[in-house]
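Reader: Please take me through the nonpolar core of this model, with its aromatic rings and its cysteines. Keep it brisk.

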Amino acid sequence: MGNRSAEIHRETKETRIRVWLDLDGTGKAQLKTGVPFLEHMLDLFCKHGLFDLQVEADGDIEVDDHHTVEDVAICLGQAIREALGDKTGIRRYGQAWIPMDESLGQVVLDLSNRPHLEFRADFPAQQVGRFDTELVHEFFWKLALEARMNLHVILHYGGNTHHRIEALFKALGRALDEAVAIDPRVTTVPSSKGVL
C-alpha cells in the first residue's frame, strides 16, 4: 500500500496554513486553527474516518473565520489528492448515513477527479458559538474542488444546528474512509477509462 500521507503548505496575505494527513491512521488529530468549532468538526472527521491529521493555521480571524476555514479546506483537499497518488486499488466510492440525536446526515462521494458539490443542507441558526454556519458550505465546496471529488452532502432532517453540522462531518469521515480503502481485488485504477 505504501505511505499514503501528504503535507501541504499554503501562505497568502490572509492565512498561513500547514496540513499533514495520513489516510491510514488511527483517528488522531492535532489542530490549531483559532476556530474552535472547525477544530471540533475536524476532530470528528478524523475519529470517524480513522485519519491522522495535523493542522496549523494562522489566519485573519480578527476579521472573521472565512479565510481560515476556506484555506484549511483547500489544503485538506490537496492533501487527500496527493496522498491518494494514482488511486490504484482504492474502492473509489463511499457513503455514510450518520444520526446525531434528532438529526440525520448523509454523505456520498466519488473520488472521480471530476469535482462537484451537491449540497442539500440548511441550518436554522446563522451561528454556532461565533462560527458562521454558511462556512459549512464553503468548507465542503473547497474540499470537493481541491480533492477533485464528486461530493453529495445531504441533511435529511434535524433540529439543533450543531447536531446537523456534526452529522455531516462524521458522515464525511466515514464515507471518505470507505472510498480510500484498499480493495485487494482491485489491481488497477477503478475506472473503465484506466485513469482517475
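Author: Here is a close look at the core, starting with the frame around it.

This is a predicted model: local features need pLDDT of at least 70, side-chain atom pairs count only at pLDDT 80 or more, and totals for chains, interfaces and linings use all residues. Residues are numbered from 1 along each chain as its sequence is written, and side-chain values use heavy atoms, without hydrogens or water.

The protein has four helices and ten strands. These are DSSP runs, numbered from the N terminus: H or I of at least four residues for helices, E of at least two for strands. From the N terminus the order is β-β-β-α-β-α-β-β-β-β-β-α-β-α. Of the 196 residues, 53% are buried. Buried means under 20% relative accessible area, exposed over 50%, partly exposed in between (1.4 Å probe, protein chains only).

Now the core itself. The largest nonpolar core has 60 residues. Such a core is a set of buried Ala, Val, Leu, Ile, Met, Phe, Trp, Tyr and Cys residues joined through side-chain atoms within 4.5 Å. L76, L109, F139, F140 and L151 have the most contacts inside it. Take L76. Leaving out residues up to four places away in sequence, L76 touches V19, L21, L42, F45, L53, F139 and L143. Contact here means heavy atoms within 4.5 Å.

Next, the rings. The structure holds seven aromatic pairs. Rings of Phe, Tyr and Trp (its six-membered ring) pair if their centres lie within 6.5 Å; planes under 30 degrees apart are stacked, over 60 edge-to-face, the rest tilted. F119 and F123 pair edge-to-face, at 6.4 Å centre to centre and 65° between the planes. Both F119 and F123 are buried. F139 and F169 form a tilted pair, at 5.2 Å and 45°. F139 lies in helix α3 (residues 134-147) and F169 in helix α4 (residues 161-180), so this pair ties together parts 30 residues apart in sequence. F139 is buried at 1% relative accessible area, and F169 at 3%. Ring pairs link F119, F123, F139, F140 and F169 into a cluster.

Last, the cysteines. The count is zero disulfides, a disulfide being a pair of cysteine sulfur atoms within 2.5 Å. Why no bond at C46? Its sulfur is 15 Å from the closest cysteine sulfur, in C75, which is too far. C46 is buried, at 0% relative accessibility. C75 is buried at 0% as well.
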